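Here is a walk through a structure, one part at a time. Keep the sequence and the 3D view side by side as you read.

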Amino acid sequence: MQNEMVAMLLAGGKGTRLLSLTKKVAKPAVYYGGKYRIIDFPLSNAAHSGITRVGVLTQYESVALNNYIGNGSHWGIDGNNSVAGILPPRQTDEGANWYRGTADAIYQNIDFLDNQNPEYVLILSGDHIYKMNYAKMLAYHKEHNADLTVAVLNVTMEEASRFGIMNVNEDYSIYEFEEKPKKPKSTLASMGIYIFTYKTLRDALIRDAKNEESEHDFGKNIIPDLLARKKRLFAYTFEGYWKDVGTIASLWQANMDLLDPSDSLRLYKDDDFRILSEDARDLPQYIGKNANVRKSIVNQGAMVFGKVSGSVIFKGAIIEEGAIVTDSVIMPGAHIASGAQVNHAIVADNVFIDGNRKENLDGQDVVLLSR
Amino acid sequence: MPHILGLANLHGAPHLGPLTERRSIASTSFLGRYAFVDFTLSNFSNSGIDQMGILVEEKLRSLVKHIGSGVSYNANTKRGFCSIMYNEQYSSSPAYNNDINNLIENHWVLDQSNADYIIFAPCHLLYRMDYREALQYHIKKKASVTMIYKKFEDGQNSFINRDELKLDENGRVLNIVPNKGAKKNINISLETYIISRSKLEEFLEFAKDTSHFFSIRDVLSYMTGQLYIHSFAYEGYLRCFSSEEDYYRFSLELLNPDVLNSLFAPDWPIYTRTYDTPPVRYGDDAKISNSFVSNGSMIDGTVKGSIIGRSVTIEKGAKIENCIIMSDAHIGANAKLKNCIVDNGAKVIHCNDLKGDSDQPLIVRERDIV
């Protein structure tokens with residue numbers, strides 16, 4: 001396994017609908033779940049799946065993300081056969097290009113892949129929250145002698161119109177891909193997770209790069225091209241929690257999902273499949289004398305003196321006595337002063353909420369409080 | 001800055017009753033997520049010292065597990081090192097098992113180091129100190145050895161049997177004696193010494209030629225008359241952990257923010273091993289106040305005035321008051337615990353009422369089920 005499959009993680013997206021949360025960092029670096037950044041999930045999955053070589057493709061606001069990834073040591077991807085390659089767009093002999101699409105990003109790093117010389121390439125997205133063992137998916141790919149295996153999630157018929165849908169035969173071989181179909185024929189939604197046999201991928205990328213009409217996108221261009229060429233494409237059904245957090249509301253909801261005792265993400269289960277992250281140097285969290293903390297998740301380094309319920313509190317956050325935080329996400333270093341009330345909100349990192357503010361008390365929609 | 005080798009000295013450390021039955025105080029859990037040795041090594045690291053050794057007297061296993069390769073403590077993982085120094089040969093003969101014999105046996109650490117000065121520091125005395133100022137003072141005074149001490153006003157009740165320094169008016173150390181609690185005002189030794197490399201080599205030779213039972217402290221005590229041993233006054237947080245009662249008292253005392261802020265400072269991080277445990281999850285029925293809680297824990301009971309370690313489960317209906325619950329412990333539904341220490345991995349599931357005294361905690365031992 002070690003040298004068989006290289007993972008390429010697409011982490012260049014801005015995530016415009018996350019508003020000011022992605023003003024200075026790319027979407028994969030957005031905070032989630034009290035101690036994580038979203039990119040911790042695919043990288044931890046890769047690490048626990050026995051993948052030791054990962055390329056991370058960055059573009060939008062790449063500095064913070066590149067620093068965070070470092071040599072991959074947060075996820076243990078710094079062992080003797082490990083590669084944690086940070087791959088922003090670069091100037092080459094042929095000039096300088098931004099990544100023009102998901103497929104183009106991989107195409108521009110064919111030299112990186114050639115150096116690694118893998119049998120298989122796993123394409124991942126840096127902005128999904130889920131726990132998945134890719135080794136099982138690779139076994140499935142091999143078993144079906146596939147050229148491409150696409151991980152799919154079985155969604156409801158109503159949801160299906162919002163996703164890229166894989167239409168499959170009885171043996172789960174894919175015969176058609178439809179992007180956001182008005183009348184879906186199937187409910188198998190693509191998760192944007194692909195395992196390619198490298199040779200097939202390499203040929204397809206080179207063809208695609210020469211096609212001036214292509215948008216250089218895996219869903220829109222590469223998959224239809226492979227289908228047209230009668231390649232072996234299979235759908236691999238994933239069962240479990242998976243979330244693409246594209247908006248403030250969905251980021252909030254994904255945080256709230258953690259408070260459900262059923263723990264469908266399995267964040268508190270599977271000890272040998274922990275989500276790995278940056279090491280924080282803070283004290284254990286302190287809960288004050290008159291504090292009241294219920295139905296919440298609180299990280300190391302937070303200090304709570306006020307009333308917190310139904311919320312997710314990050315490190316370095318301070319909730320003063322007399323402050324009330326309900327159904328909210330309080331990001332690192334945010335400070336809620338005495339008297340303030342915050343409801344149904346995401347408070348961005350290092351934001352100070354003064355004691356006079358009553359935010360979104362009767363709120364139906366989630367609000368983002370930022371500087 | 002001259003090159004310095006920092007040695008955490010575990011020889012002659014006191015025991016904390018059942019807590020140190022299977023581990024040394026150095027690797028005993030403190031404040032949920034730390035071990036005592038973290039503070040010693042972080043003092044070195046934050047003082048710009050990147051070369052470290054740990055002089056181990058006994059009970060190696062738990063320390064090795066905690067330290068790992070030691071990279072958590074080094075600013076540069078290639079230039080720096082953190083070597084575990086253990087004297088297998090003398091491990092079962094207590095009289096020989098001292099820091100000098102350990103240094104002779106593990107002389108390779110000195111050989112591989114380019115240090116001009118060696119700083120010895122213990123793990124059972126907890127303090128926060130930047131050694132750079134003391135070293136400058138040591139160099140300026142042209143001392144052979146500089147011993148760090150703190151002026152203390154409660155010598156009758158604390159630091160009993162720990163070393164007291166008798167100083168002349170210029171700060172020269174005249175004598176080292178155990179504190180028998182006779183006087184209020186004493187200069188208590190931090191058991192922390194700055195020694196130049198050449199002087200340390202002389203001490204090793206001297207001990208070999210004089211007595212194989214000599215420790216560094218014994219050599220220093222023996223030589224106070226002949227050598228220019230100076231002293232450097234430390235001011236700030238200092239606690240000596242010499243019993244399980246001390247451990248209990250000085251741990252819970254950190255719930256007082258004034259005490260906490262005298263040990264911890266924002267510019268003085270304490271490095272430790274990380275376990276990547278998820279944040280603490282509080283259930284619908286959780287009631288928690290005045291407590292430290294470490295990551296990975298799941299709390300659905302009532303917790304008051306306590307310290308909760310990593311990955312502890314406290315079930316609904318359980319009541320914890322003035323307790324220290326260490327990592328991976330499990331407190332079952334409806335258990336009531338007051339003034340207790342529950343060691344790593346222990347389970348309180350059958351007994352519903354455990355109560356210690358406020359100055360003498362009841363201890364549930366490591367991995368015991370009660």
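Begin with one residue on a helix of chain B. E202(B) has a relative accessibility of 44%, so E202(B) counts as partly exposed. This is a predicted model. The side chain of E202(B) forms a salt bridge with that of K199(B), at 3.3 Å from N to O. K199(B) is placed otherwise. Its relative accessibility is 16%, so K199(B) counts as buried. The cut-off explains the label, because buried means under 20% relative accessible area. Both residues sit in helix α6 of chain B, which spans residues 197-210. They are 3 residues apart there, so about one helical turn separates them.

Stay on this helix for another pair. E205(B) and K208(B) form a salt bridge, with their closest N and O atoms 3.5 Å apart. These two are also in helix α6 of chain B, and they lie 3 residues apart, so the separation is about one helical turn. E205(B) is partly exposed, with a relative accessible area of 41%. K208(B) has a relative accessibility of 38% and counts as partly exposed.

Such pairs have a simple background. Side chains of opposite charge can pair when their charged atoms come close. How many salt bridges are there over all chains? The count comes to 34. One of them is in chain A, where the side chains of E176(A) and K185(A) meet at 2.7 Å from N to O. E176(A) counts as partly exposed, at 24% relative accessibility. Chain B also holds a network of salt bridges. It links R22(B), R23(B), D343(B), E366(B) and R367(B).

Now move to helix α5 of chain B, residues 131-140. Four residues of this helix are buried: Y131(B), A134(B), L135(B) and H138(B). They cover an arc of only 100° around the axis, so they fall on the same side of α5(B). What lies on the other side of α5(B), buried or exposed residues? E133(B) and K140(B) are there, and they are exposed. Just after α5(B) comes K142(B), which takes a positive phi of about 50°.

Next, look for the sheet. It is open, has 10 strands and shows mixed pairing. Follow the order from one end: β30(A)-β27(A)-β24(A)-β21(A)-β18(A)-β14(B)-β17(B)-β20(B)-β23(B)-β26(B). Which strands stand at the edges? They are β30 of chain A (367-369) and β26 of chain B (347-348). Each has a single partner strand, so one side of each is left without a neighbour in the sheet.

Strands of a sheet pair through backbone hydrogen bonds, either parallel or antiparallel. Take one pairing within chain A. Strand β24 (residues 329-330) and strand β27 (residues 345-347) run parallel and are joined by 2 bridges. V329(A) has I346(A) in β27(A) as its bridge partner. A helix lies across this part of the sheet. Helix α9 of chain A (residues 248-257) crosses β21 (312-313), β24, β27 and β30 of chain A. Against β27(A), α9 runs at about 90°.

End in a loop of chain A. T22(A) lies between β1 (5-10) and β2 (31-32). Is T22(A) buried or exposed? At 0% relative accessibility, T22(A) counts as buried. Its contacts fill in the picture. Leaving aside neighbours within four places in sequence, T22(A) is in contact with K14(A), G15(A), K27(A), V30(A) and Y60(A).

Definitions and conventions: Residues numbered from 1 in each chain as written. Chains lettered and ligands numbered in written order. Predicted model: local features only at pLDDT ≥ 70, side-chain atom pairs only at ≥ 80, totals over all residues. Heavy atoms only, no water. Buried < 20%, exposed > 50% of the residue type's maximum accessible area, 1.4 Å probe, protein only. Arc of directions from axis to C-beta. Pairing = 2+ DSSP bridges. Contact = heavy atoms within 4.5 Å. Axes fitted to C-alpha atoms, helices over the stretch in contact; angles between N-to-C directions. Salt bridge = Lys/Arg side-chain N within 4 Å of Asp/Glu carboxyl O.
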